[in-house]
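Grab a coffee and open the viewer. Here are a few exercises to work through, each with a solution to check yourself against.

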Amino acid sequence: MLNFRFRPELRMPGWKSIPFPDQIKRLLIIFIILVIMLITVRNYLMPPTFVKEGHYRAAAIDSILALPIHYAGQEACSECHDEYVALKQTSYHQNVACEVCHGPGANHVEDPSENTPSAPRQRGLCPLCHIYNASKPTGFPQINIVTHNPLEPCMSCHEPHDPKPPQPPEECGACHGEIARTKAVSHHAALECTQCHSAPEAHKKDPRSFRPSKPRKRTFCGGCHGENAESAGEIPRVDLQSHEPDHACWQCHYPHYPEVR
Amino acid sequence: MENLIEQLQPILKQVVGYIYPNEVELHWGILIVVYPYITGLVAGAFILASLERVFEVKEVQPTYRLSMLTALAFLIIAPLPLLAHLSYPERSIEIFLTPQLKSAMAMFGFVYAWYLMIVLMLEIWFDYRKDIVYWARSKKGWRKYMYYLLSLGSLDLSEKAIRFDRKAGKFITIIGIPSAFLLHGYVGFIFGSVKANPWWSSVLMPIVFLFSAIVSGIALMILIYGVTTLFRWKPIDMACMDKLASFLLYAMILDISLETLDFIHRMYESVESIHILGQLISQKLFISLVVIQILLGTLLPLGSLASVKLFRLPDELRRLIYFGAAILVQIGIFSTRWNVVIGGQLFSKSLRGLTHYKMELLGIEGLLISIALLFLPLFVLYIIIKILPPWPEAATTPLSSIAKESSQ
């Protein structure tokens, strides 16, 4: 053999007697060292409470618990303001929590005289939820903030804890609330339902037997929107002959809807 | 905020149709294109090496060790694009410390570690041990110690020990093939399992990934084998080249059939996403998919490789064709990855609009870094080759005689 100065054999008693080939024994040693290293590093680096409760750090719950509490919850308010709680309980706002409008109240509950929550009286608050937005579910009460009784605070007509409209909807809106609501924010807000539907009086008593009319022809819309229609000058016009002649107008512009221009 | 708007302005101009606000900017950029491309090369190169070992394809034997080392070099670099993509790369260690078995992404570390440590390293070690011992004895200075360390002190060169090396190597190769399938199939799975994305979500994804990986790996070995042989002033073994080229041809035929199957399946199903995917292909991916991936990267090399089979061409010309085809295939497979990764993010989940990808040039997720990452494995390969030369003349016994023994 070549002149090699190392004594390569591991001088370990019994090395030869382990019944594996030499290579495997050595690889196993390396492997075991790696595994031990991994376990040590893992023990050292892994947060101590990690797998205790699941795949997360159990102590994280305690650190979250230690965070300051800002919201007291609606039950807390009823202790002192039970009249408001009772009022709101049966109103349209029953699912809107007190602190949504009044802001976090935990410190107020602790010391009511020292910390008074705000009572937002400006017109800006209510539109946060009620301004018209096409993506809100149909039927959600929405208003066009520009045209809905401008300049007056909402509170002057709607009690925030029981916000029913001052007078119950009459006429068609009593039953067709959703249509009335969407139409109220559409381009056709100013038009009466009866402008486009002639409803027999009996419809209000027996709606399924006495059906109101619905626009049937394009020329109906043309009565206001045609080039030569005798209608108010500011109404936008189209040429009925050339403007999408193959479809009914409401296939593209459903007149109740605001977003379909 | 202002900054962000300014950044998105040029992209917004290219947005068509309706998209959601968080879809304007792509979150997976070119780095995530580089990553499956590189792992594909690893799996491909390894599978090629295994062919020689398991099925004893003698012709491609000159590339056996080279393929193993190439796979190792590329595998070492494979996680880098991912790390560069993370905002907090130092936290990546945590997926090893607290393994979450239900997350496919979290399992990457283990698939990777298994493949690197158990499959590649071990197979190379067993294959080279005899030579390492020889070098540990014949080299001088620090090299001696390095080889001694690499041998792990296992210096036994007896007939029995060497036979065991060969057996162990073969055994590992046999585990290695499914492992290579796992490694790259896994990458395909990551995409294929995103059920919200109609461009990705497909059970065929892992399989298509795998076959394109094999294609790219074989093409890479044609290039690396050719170039290294040229630089060593050795004659190119044409039998080997021809065999590699045939493998490439067959793998490409399989690959293209699978992709066509996927395509036909999608067309036939025609689920609601088909319209937007059609727009995606015709508007945003036309160059990278139709022109580069299909025409340049698949049909042209396929045609030229097939023509070599049909006509008798002189060696010189065949070599040129193989080289050209291999380069085109690389470009083609890279754009395949591009079309999957980038394409899958270009259309809106509303299925009504398309956005645009604007690649950075500088910056950690930019083009320059990606190019660097693509060439880094070659540099690593150079170093590995310096340590473990795969050439027949560097080995203690001629490789051919080993092959003879192993076939007995």
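What follows is a set of four exercises on a predicted model.

**Exercise 1. Get to know chain A: how many helices and strands are there in chain A?**

Start with the count: chain A has 10 helices and zero strands. Next, walk along from the N terminus, and the elements read α-α-α-α-α-α-α-α-α-α. Now look at burial: of the 261 residues in chain A, 18% are buried. Then turn to the surface, where chain A exposes about 19,800 Å², with carbon and sulfur atoms supplying 60% of that area. Last, check the contacts between residues at least 6 apart in sequence: 44% of those in chain A join residues at least 24 apart.

**Exercise 2. Describe the interface: what is the area buried between chain A and chain B?**

Begin with who takes part: chain A brings 19 residues to the contact and chain B brings 21 residues. Together the two chains bury about 2,000 Å², and carbon and sulfur atoms give 76% of this. On the side of chain A that touches chain B, you'll find 14 nonpolar residues, two polar and three charged. Now hunt for polar links: seven residue pairs are in polar contact between chain A and chain B, counting pairs with both residues at pLDDT 80 or more. Finish with salt bridges, where the rule finds zero across this interface.

**Exercise 3. Zoom in on Ser154(B): is Ser154(B) buried or exposed?**

First, find the spot: Ser154(B) sits in the chain B loop between α7 (142-151) and α8 (159-192). Then apply the cut-off, under 20% relative accessible area for buried. Ser154(B) has a value of 0%, so this residue is buried. To see what surrounds it, set aside neighbours within four places in sequence. From chain A, Ser154(B) then contacts Asp22(A), Gln23(A) and Arg26(A); from chain B, Ser154(B) touches Trp125(B), Arg129(B) and Val133(B).

**Exercise 4. Do likewise for Thr39(B): which residues is Thr39(B) in contact with, leaving aside its neighbours within four places in sequence?**

Locate the residue first: Thr39(B) belongs to helix α2 (residues 30-54) of chain B. With a relative accessible area of 1%, Thr39(B) is buried. Now list the partners beyond those sequence neighbours: Ala78(B), Leu183(B), His184(B) and Val187(B). For the final step, follow the side chain: that of Thr39(B) reaches the backbone oxygen of Pro36(B) at 3.1 Å. The cut-off for a polar contact is 3.5 Å.

Key:
Residues numbered from 1 in each chain as written. Chains lettered and ligands numbered in written order. Predicted model: local features only at pLDDT ≥ 70, side-chain atom pairs only at ≥ 80, totals over all residues. Heavy atoms only, no water. Helix = DSSP H or I, 4+ residues; strand = E, 2+ residues; numbered from the N terminus. Buried < 20%, exposed > 50% of the residue type's maximum accessible area, 1.4 Å probe, protein only. Polar contact = N/O pair within 3.5 Å; in protein donor to acceptor, adjacent residues only side chain to side chain. Contact = heavy atoms within 4.5 Å. Buried area = accessible area lost by both parts, 1.4 Å probe. Salt bridge = Lys/Arg side-chain N within 4 Å of Asp/Glu carboxyl O. Nonpolar A, V, L, I, M, F, W, Y, C, P; charged D, E, K, R; others polar. Areas by Shrake-Rupley, 256 points an atom, 1.4 Å probe, with all protein chains shown as cover.
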